[in-house]
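Q: I have a model open here and would like to talk it through with you. Could we start with pairing between strands and then move on to whatever looks worth a comment?

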Amino acid sequence: MNTSLLVRAITRDGSALIVATDTSKIVQTAHEIHHLSKTMTAVLGRALTAASMMGSLLKEDKQSVTLRFCGDGPAGTICCVSDWRGNVRGYADHPETELPPNGQGKLDVGGAVGKGPMHVLRDLGMELPYVGVAQIVSGEIAEDVTNYFAESEQVPTVCALGVLTNRDFTCRAAGGFLVQLLPFADEEIVAKIEDNIGKIDAVSRMVDSGMTPQDMIAAVFDGIEFDILDETETAYTCTCGREKYAKALVSLGKKELQKLLDEGKDVETCCGFCGKKYTFPPAEIAAMLEAAQKD
């Protein structure tokens, strides 16, 4: 099965919550759909992993979170959407972007993303979504997510992400963990978590070595009693459909529909998240126009 695993746990004293995930299959699916370069496999892979973990923090079915990086780097806008279970989808404006290694000899994720605003939209089923904004501090994604929670939501958070690629640009290993301190967290527990995080290996190497999300949680919470809350299979999941694109065409209005009809050609739409195409022949456009005129 083309699924990844997401695990949530909490310290037994209620000081901290952790989400850990192996998103290797999700990132590989994104690589195949978008024909990602080596650098962009890391960029979009990290963003997808972060969005999946943030989505898992939602409370109810049909809720979703959208993570959008609007940096000035060559990757353009990077957008990822996750449901409450951590199923995720995403895209980047320029998936072919490739850059030389950065000063540390690593993939230049920060250079591809650039600087600018980072938006987090939570659709909680209300009339309007909750929107949080923070500035991109490094473009490395994990640091930006950590900064977002501190600045926009005042929640002490540590986010760690990693993507390891093969020579053919495919995903070799990907994953991450997100730790959040809960109200009235015990200072000794906090200090122990900080010490543990300082000692553990990079996420991509942990996943590549065969460590599971449960193993990553045990490493972060080493010496601390904790309980697993749940384990969930996640996947790269698109929610597009022909009906959605039909509604989008109708929303263009009568003038635009008339222009499309006058061209006398099939109208082809393409989903930016999964690449699936939906074609609407002139007869359907005419029916849409007729319905719009009646309304």
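Q: Which residue stands opposite Ser 64 in S4?
A: Opposite Ser 64 stands Asp 83 in S4. Please keep in mind that this is a predicted model.

Q: And how do the two strands there pair, in the parallel or the antiparallel sense?
A: Strand S3, made of residues 64-69, and S4 pair in the antiparallel sense, with six bridges between them.

Q: What does S4 pair with besides that, I mean which strand has five bridges to S4?
A: That is strand S5, residues 88-92, which pairs with S4 in the antiparallel sense over five bridges. One of the bridges joins Ile 78 to its partner Ala 92 in S5.

Q: How many residues lie between S4 and S5 in the hairpin?
A: There are four residues between S4 and S5 in their hairpin, and Gly 86 in the turn has a positive phi of about 100 degrees.

Q: With S3 and S5 as partners, how many residues of S4 are buried?
A: Five of the six residues of S4, which covers residues 78-83, are buried, so the strand is largely enclosed by the rest of the structure.

Q: Where else is there a hairpin, say with S8 and S9, and how many residues are between those strands?
A: The hairpin of S8 and S9 has five residues between the strands, and Phe 169 in that hairpin takes a positive phi near 75 degrees. S8 and S9 pair in the antiparallel sense over nine bridges, and the bridge partner of Val 158 in S9 is Val 179.

Q: How many residues of S8 are buried?
A: For strand S8, residues 157-165, seven of the nine residues are buried, so S8 is largely enclosed by the rest of the structure.

Q: Changing topic to backbone angles: what is the usual sign of phi outside glycine, negative or positive?
A: Most residues other than glycine have a negative phi. Against that background, Ile 141 is worth a look, with a positive phi of about 75 degrees although it is not a glycine, and Phe 184 likewise has a positive phi, of about 65 degrees, without being a glycine.

Q: Where does Ile 141 lie?
A: Ile 141 lies in the loop between strand S7 (130-135) and helix H4 (142-152), and with a relative accessibility of 0% it counts as buried.

Q: Then what about Phe 184, buried or exposed?
A: Phe 184 counts as exposed, because its relative accessibility is 85%. The loop that holds Phe 184 runs between strand S9 (171-181) and helix H5 (187-199).

Q: Which residue with a positive phi follows H1?
A: H1 is followed by His 35, whose phi is positive, near 55 degrees. As for the helix itself, eight of the 11 residues of H1, residues 24-34, are buried, so H1 is largely enclosed by the rest of the structure. Among the buried residues of H1 are Ser 24, Ile 26, Val 27, His 31 and His 34.

Q: On to helix H2, then: what does Met 53 touch?
A: Leaving aside residues up to four places away in sequence, Met 53 touches Leu 6, Val 19, Thr 21, Cys 159, Ala 160, Leu 161, Gly 176, Phe 177 and Leu 178. Met 53 is found in helix H2, residues 38-55, and counts as buried at 0% relative accessibility.

Q: Where is Asp 266, and what does it touch?
A: Asp 266 is found in the loop between helix H9 (254-263) and strand S11 (267-270). Not counting residues up to four places away in sequence, Asp 266 touches Thr 279, Phe 280, Pro 281 and Pro 282. The C-alpha atoms of Asp 266 and Pro 281 are 4.3 Å apart in space, although the two residues are 15 apart in sequence.

Q: Now the whole chain: how many helices and strands are there?
A: The chain has 10 helices and 12 strands, and 48% of its 295 residues count as buried.

Q: What radius of gyration does the chain have?
A: The chain has 21 Å, which agrees with the value near 19 Å for a compact globule of 295 residues. Along its principal axes, the C-alpha trace spans about 70 × 45 × 35 Å.

Q: Last one: how far apart are the mean positions of the positive and negative charges?
A: The mean positions of the 28 positive and 42 negative charges are 6 Å apart.

Technical notes. Residues numbered from 1 in each chain as written. Predicted model: local features only at pLDDT ≥ 70, side-chain atom pairs only at ≥ 80, totals over all residues. Heavy atoms only, no water. Rg over C-alpha atoms; globule rule 2.2 N^0.38 Å. Buried < 20%, exposed > 50% of the residue type's maximum accessible area, 1.4 Å probe, protein only. Lys, Arg positive; Asp, Glu negative; His and termini not counted. Charge placed at Lys NZ, Arg CZ, Asp CG, Glu CD. Pairing = 2+ DSSP bridges. Contact = heavy atoms within 4.5 Å.
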